Amino acid sequence: MMSKTAVITGAGRGIGAMIAVRLASDGFNVALNDLNMEALAETAEKCRGFGVEAECFAADVSNHNSCEETVKKIKERFGTIDVLVNNAGITRDGLLARMSEENYDLVIAVNQKSVYNMMKHCCAVMMKQKSGRVINVSSVAGLHGNAGQFNYSASKAAVIGMTKSAAKEFGARGINVNAIAPGFIETPMTDALTDAQKQAILGMVAMKRYGTVDEISGVVSFLAGKDSSYITGQVIEISGGLSM
Ligand code: NAP
């Protein structure tokens, strides 16, 4: 069994939980982060079912010091950090005219600054190892914009810029940095949409259905694995043909 370690943020539920389980099934030991420790413990149990080690690390990824401390603990516990999946994210949707400064700042902090917080410390470990994979979870909203998601689109577009810049910085150091841009995936995040919003979305999707968390985790597995060794700085849209 390989003893590589994957760090997944926001692994308590939704896309992050499925990514953790998929990487565990690929043989990675998993360092799981979330705010919700109860949900995280469930993900960890599922991961251990594949015979790998799974450990939970409660931390708010928008807090730089907490991330630095967490990465230190992960390194001490597992010895290496081979894959980082920056998945934790939130929405605070609303039209720009009515968007509060608080909701703007919060979404930027959780979705965007978190990527700086985690990459800064995880990539330092990867640089010493001369190898690593970073997979940042962006969104179609970051590529194309979305009415009512000014803050979310800003954060997810920034993640794409961060991915490409880091890919250039780390290209010669054995660290591949890529992003995925999911479309509309069935998770607690999209459950919150109204029926009218859901119908409008499906109207734009060529495949006329939502994506599943497995359809996201499979691409992450590819980006974390050996078959994607010559791919860096790319954004893979997983949206059922929302745009083409
Ligand atoms: P989700 O079901 O809401 O799960 C997000 C997870 O992140 C939750 O477990 C949440 O924990 C955790 N989290 C939130 N804030 C955090 C923080 N400050 N520190 C640590 N963990 C935190 O969302 P999802 O649909 O799986 O989305 C996962 C990622 O995919 C997000 O980045 C999202 O923007 C992106 N995405 C989703 C879709 C979609 O259609 N679902 C489409 C495009 C992109 P709590 O439960 O404690 O809040």
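Q: Which residue in strand 4 stands opposite Val 7?
A: First, a heads-up: this is a predicted model, so to speak of local features takes pLDDT of at least 70, side-chain atom pairs count only at pLDDT 80 or more, and totals for chains, interfaces and linings use all residues. Residues are numbered from 1 along each chain as its sequence is written, and side-chain values use heavy atoms, with hydrogens and water left out. Strand 1 (residues 5-8) and strand 4 pair in the parallel sense over three bridges (strands are DSSP E runs of at least two residues, helices are H or I runs of at least four, both numbered from the N terminus; a pair needs at least two DSSP bridges). Across from Val 7 in strand 4 sits Leu 84.

Q: Are the two faces of strand 4 covered or uncovered?
A: Strand 4 spans residues 83-86, with Val 83 and Val 85 on one side and Leu 84 and Asn 86 on the other. All of these are buried (under 20% relative accessible area, with exposed over 50% and partly exposed in between, using a 1.4 Å probe and protein chains only). Both faces, then, are covered.

Q: Which hand does the crossover from strand 4 to strand 5 have?
A: Strand 4 and strand 5 (residues 132-137) pair in the parallel sense over four bridges, with Val 83 opposite Arg 133. The chain gets from one strand to the other through helix 4 (residues 101-129). With the strands pointing away from you, a clockwise path from the first strand over the helix to the second counts as right-handed. This β-α-β crossover is right-handed.

Q: What stands opposite Pro 182 in strand 7?
A: Strand 6 (residues 175-182) is mostly covered, with eight of its eight residues buried. Six bridges join strand 5 to strand 6 in parallel, and Asn 136 has Ala 179 as its bridge partner there. On to strand 7 (residues 235-238): four bridges join strand 6 to it, again running parallel. The residue opposite Pro 182 is Ile 238.

Q: How much of the ligand's area does the protein bury?
A: A polar side-chain atom of Tyr 152 lies 2.5 Å from a ligand oxygen, and a side-chain N or O atom of Thr 187 is 2.6 Å from an oxygen atom of the ligand (polar contacts here are pairs of N or O atoms within 3.5 Å). Taken alone, the ligand exposes 890 Å² (Shrake-Rupley areas, 1.4 Å probe). The share of that buried by the protein is 92%.

Q: Which helix gives the most residues to the shell around the ligand?
A: There are 30 residues around the ligand, and among those that come nearest are Arg 13 and Asp 34 (near means a heavy atom within 4 Å). The shell divides into 14 nonpolar, 12 polar and four charged residues. With three residues, the top contributor is helix 7.

Q: What is the phi of Lys 130 near?
A: Lys 130 is found in the loop between helix 4 and strand 5, and Lys 130 is exposed, with a relative accessible area of 63%. Most residues other than glycine have a negative phi. Lys 130 has a positive one, near 65 degrees.

Q: How far apart are the C-alpha atoms of Lys 164 and Ala 200?
A: Lys 164 has its place in helix 6, where it is partly exposed, with a relative accessible area of 41%. Lys 164 and Ala 200 are 36 residues apart along the chain. Their C-alpha atoms are separated by 31 Å.

Terms used
Polar contact = N/O pair within 3.5 Å; in protein donor to acceptor, adjacent residues only side chain to side chain. Nonpolar A, V, L, I, M, F, W, Y, C, P; charged D, E, K, R; others polar.
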